[in-house]
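Please find below a colleague's note on the model, set out as numbered points. The comments concern strand pairing first and charged side chains afterwards.

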Amino acid sequence: MRIMSGVFTDENTGAQVTTGTPIMLLIENVDQRPRDYSEIKDKYRPGHAGYTYDVKYGIHDYRGGGRASARETAARVGAGAIARKIVPGLSVRGALVQMGPHKIDRARWDWNEIDKNPFFCPDAKQVKFFEEYLDGVRKAGSSCGAVIEVVAEGVPAGLGAPVYAKLDGDLAAALMGINAVKGVEIGDGFATAAMSGIENADEMRMGNDGKPLFLSNHAGGILGGISTGQAIVARFAVKPTSSILTPRKTVDRYGRDTDVVTKGRHDPCVGIRAVPIGEAMVACVLADHYLMHRGQVGEGAAWPFKPGA
């Protein structure tokens, strides 16, 4: 990645600073292999966007998927690196918490383990199992999905809006906008449907710092579309990649029945690569909302309120 504009080195401090002009990042699409797709250029891969692109635009880029290619997300990671610098004290971390049907043991969660393995997995014991499981998926000519969890800490209370700019709505849209993502949940998400009101309620007490202390975080740090000041927790599901070696029934763009096999380089689990992408999208949304909040209400309301005020 090359920074083409928008920053320069301050001669007095030696630090790299922004100039106020747009920041342009350039990532060249190198090491591509379009020939890997030449044999299937007219065939639709089941589970891939080739058909929907054709039926909408009358053309699709078969050389890896075009706009449906995961390479498109590299730019998002670059933007996320800038977004992380906008919100003071913000920390955004992601982890792979499930591969196929196999989940990590949350009792063994260790953020320090994530940089020690290729799966971004916080459960060191589960890493060995994932290695063997993924190797079996690959040898079977198939692929598998994954679930990614992103946790944002240091998020100030008050970001978001009640209706048209809900923080959780924008986070969900951003994460759903990642290639191959088929589901998003905030906090305990779908699990809250099985909870009682007593179980789901995040009780509150006053903390020693003058701010409310939440005794749980089922809401994932967002209530009514607005951040509570707790950690924001989001999870998203990534489907198995459609580019597999096992023959699948399909049709071609001329309406003929056929089979398709995708050869070349393809990850058996694209969800692994989605961890830094998810982090980036969460960072971008939080940066947007931080700036909108500052422009709308400045520092926000002084809380707690004085009785009778």
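1. Met99 has His102, a residue of β6, as its bridge partner. The model is a predicted one, and this pairing should be read with that in mind. Strand β5, which covers residues 91-99, is joined to β6 by two bridges, and the two strands run antiparallel.

2. The wider setting is an open sheet of five strands, in which the pairing is antiparallel and the order is β6-β5-β7-β13-β8. Its edges are formed by β6 (102-103) and β8 (181-186), each of which pairs on one side only. In general terms, strands of a sheet pair through backbone hydrogen bonds, in either a parallel or an antiparallel manner.

3. A helix also belongs in this description: α4, made up of residues 167-176, lies across β8 and β13, and its direction is at about 155° to that of β8.

4. Turning to charged side chains, the structure holds 17 salt bridges, and a few of them merit individual comment. Side chains of opposite charge can pair when their charged atoms come close.

5. Arg235 and Glu149 meet through their side chains in a salt bridge, with an N to O distance of 3.1 Å. This pair links distant parts of the chain, since Arg235 sits in strand β13 (residues 232-238) and Glu149 in strand β7 (residues 146-153), 86 residues apart. Are the two partners buried or exposed? Arg235 counts as buried because its relative accessibility is 11%, under the 20% cut-off, and Glu149 is likewise buried because its value is 5%.

6. The same two residues, Arg235 and Glu149, are part of a network of salt bridges that also links Arg106 and Glu185, so a description of the Arg235 and Glu149 pair in this note is best read together with that network.

7. Two further salt bridges involve partly exposed residues. Arg108 forms one with Asp105, the closest N and O atoms being 3.3 Å apart; Arg108 has a relative accessibility of 33% and therefore counts as partly exposed, while Asp105 is partly exposed at 31%.

8. Lys41 forms a salt bridge with Asp42, and here the closest N and O atoms are 3.4 Å apart. Lys41 is partly exposed, with a relative accessibility of 34%, and Asp42 is also partly exposed, because its relative accessible area is 21%, a value that is not under the 20% limit for buried residues.

Note on methods. Residues numbered from 1 in each chain as written. Predicted model: local features only at pLDDT ≥ 70, side-chain atom pairs only at ≥ 80, totals over all residues. Heavy atoms only, no water. Salt bridge = Lys/Arg side-chain N within 4 Å of Asp/Glu carboxyl O. Buried < 20%, exposed > 50% of the residue type's maximum accessible area, 1.4 Å probe, protein only. Helix = DSSP H or I, 4+ residues; strand = E, 2+ residues; numbered from the N terminus. Pairing = 2+ DSSP bridges. Contact = heavy atoms within 4.5 Å. Axes fitted to C-alpha atoms, helices over the stretch in contact; angles between N-to-C directions.
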